[in-house]
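Reader: I am new to reading structures, and I would like to understand how the words used for this one are justified. Could you take me through them step by step?

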Amino acid sequence: MATAAADTAADTASTTSAGAAAYGALADPGALAGSAEPAEPSVRARAALEAARRRTLALTDAVSDEDLVAQHSRLMSPLVWDLAHIGNQEELWLVREAGGRPGLRPDLDHVYDAFQTPRADRPALPMLGPAEARAYADAVRAETLEVLAAADTSPGQAEPLLADGFVFGMLAQHEQQHDETMLATHQLRKGPPVLDAPAPPPAPADAATLPREVLVPGGPFAMGTSTEPWALDNERPAHTVEVPAFWLDTVPVTNGAYREFIAAGGYRDERWWTPEGWQHVQDTGLEAPLFWSRDGDGWTRRRFGHVEPVPDDEPVLHVCWYEADAYARWAGRRLPTEAEWEKAARHDPASGRSRRYPWGDGDPRPEHANLGQRHLQPAPAGSHPAGAAPSGARQLIGDVWEWTASDFTPYPGFTAFPYKEYSEVFFGPEYKVLRGGAFGVSPVVCRGTFRNWDYPVRRQIFAGFRTARDAGPGEDA
Ligand code: AVJ
Ligand code: FE
């Protein structure tokens, strides 16, 4: 087994106490300075950039050079493209834009512009090779750290890119998002395992007796944020949304529950599918989540090179929006809207205000949520009672991305910042919103307001779901 990602990155550490401390340090960089005071933005930014780079290197050092340049799926870029793209975006935004410097390789911009070449066609690009890509990312980082050391990142800074270290935080988030994308490439690649991490702890004793669903009371709540310093443009601004009372699954839908849908002939029954979803099932022959195989009466799955029985008590993973939506209809329920999901995750009925996370305003720690690639799979349903929302819902953050019913649209008052190609060009009905983050998502890019989106056919992402239903008359306690 080659390099273990779990051993090398601060937020990919094991569950040893040292690992837990490193994870805490990333999520709450105040701890890095050995102080209870919140860290300066520049300290936070440096820690986040360094953690992202440790993870990037762990994910790319884990495979051979041939493997780095290979395309493992037409859905994904070669890993070496992601690596140099990370460097190129950092050159653009931190060295040139924030630093006002000429930059290192402006001639590479067109090779690493995601909009000029779709993923399927990237192998044909004149890309840097593995050694050059590593040296390039390194050289950019050296300049970035000089720019950061000289920058005024105070909250009062008039330049919004620099205030609170936003643009540095944005690039740490960008790198971590590509690390998650590279983790999906690892999951798609064939061959023996090269990544390793301990299994998540077993479910707590009360997991078996949790209520099936929890009530989220009706009324207004504050959706989105105008105050979270590193929130991205599509999370802004905070605005009031009226959400009637609804019932939400206490935990994400499990493999065991999803198997019942398969066994009941769900994939062959048009009643449960939207017209587009049904057409998609006919065209592609879907019959189970991606990476599942039939094994006698049961199912196995391939997980980062390991073939193993599908665990019944784990949240289902690698289903597309059409499958999530069909399951919900079969179960007599529906997917939650994005506003419902965020209300369940953030609204505190006692104070009437919205929290940063389900458990409160403190940054994620290992007891709250399965984030940061500390494990290479979701934790069993019912895990993380310390991360529960006021309603009692668990695992809203971490484990699996959760498909919502909603299209990706701008909030009222949205303005693209700092560039239209992060969010604005994707708004519209062709993308569905996912919420909550998965086991391979870094805490720096996961919060109660964070919005992800993808096409409703996509299954290589780390996505599952939970279901909801309207509350009946008189049920709004
Ligand atoms: C927010 C995950 C949909 O990967 O396409 C990376 C993030 N944007 N580089 C993506 C992103 C530019 C984006 N998602
Ligand atoms: Fe990118």
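Author: Let us begin with a term: a polar contact is a pair of N or O atoms within 3.5 Å. Please keep in mind that this is a predicted model.

Reader: What makes the pair between ligand 1 and the side chain of H178 a polar contact?

Author: A nitrogen atom of ligand 1 lies 3.2 Å from an N or O atom in the side chain of H178, and since the cut-off is 3.5 Å, this pair therefore counts as a polar contact. The side chain of H174 can be judged in the same way, for one of its N or O atoms is 3.1 Å from a nitrogen atom of ligand 1, so that pair is a polar contact as well.

Reader: Which residues are around ligand 1, and what makes a residue count as near?

Author: The residues around ligand 1 are H174, Q177, H178, Y422, N452 and W453, and a residue counts as near if one of its heavy atoms lies within 4 Å of the molecule. Of the 350 Å² of accessible area that ligand 1 has on its own, the protein covers 75%.

Reader: How many residues of each class does the shell around ligand 1 have?

Author: The shell has two nonpolar, four polar and no charged residues. Tyr and Trp count as nonpolar, so Y422 and W453 make up the nonpolar part.

Reader: Which elements give two or more residues to the shell around ligand 1?

Author: They are α7 (166–188) and β10 (452–454), and α7 gives the most, with three residues. The shell also draws at least three residues from each of domain 1 (2–188) and domain 2 (202–477), while the space that ligand 1 takes is the largest pocket.

Reader: Where do the cis peptide bonds to P237 and P418 lie?

Author: The bond from R236 to P237 is cis, with omega near -15°, and P237 is found in the loop between β2 (219–223) and β3 (239–243). The bond joining F417 and P418 is cis too, with omega about -5°, and P418 lies in the loop between β8 (401–408) and β9 (428–435).

Terms used. Residues are numbered from 1 along each chain as its sequence is written. Chains are lettered from A and ligands numbered from 1 in the order in which they are written. This is a predicted model: local features need pLDDT of at least 70, side-chain atom pairs count only at pLDDT 80 or more; totals for chains, interfaces and linings use all residues. Side-chain values use heavy atoms; hydrogens and water are left out. A polar contact is a pair of N or O atoms within 3.5 Å; within protein, one must be able to donate a hydrogen and the other to accept it, and residues adjacent in sequence count only if both atoms are side-chain atoms. Accessible areas come from the Shrake-Rupley method with a 1.4 Å probe; for residues, only the protein chains shown count as cover. On a 1 Å grid over the protein atoms alone, a cavity is a set of points where a 1.4 Å probe fits but cannot get out, and a pocket is an open set with protein on both sides within 12 Å along at least five of seven lines; lining residues have an atom within 4 Å of a point. A molecule sits in a cavity or pocket if more than half of its atoms lie within 2 Å of its grid points. Helices (H or I, at least four residues) and strands (E, at least two) are DSSP runs, numbered from the N terminus. Domain bounds come from an automatic or database domain assignment.
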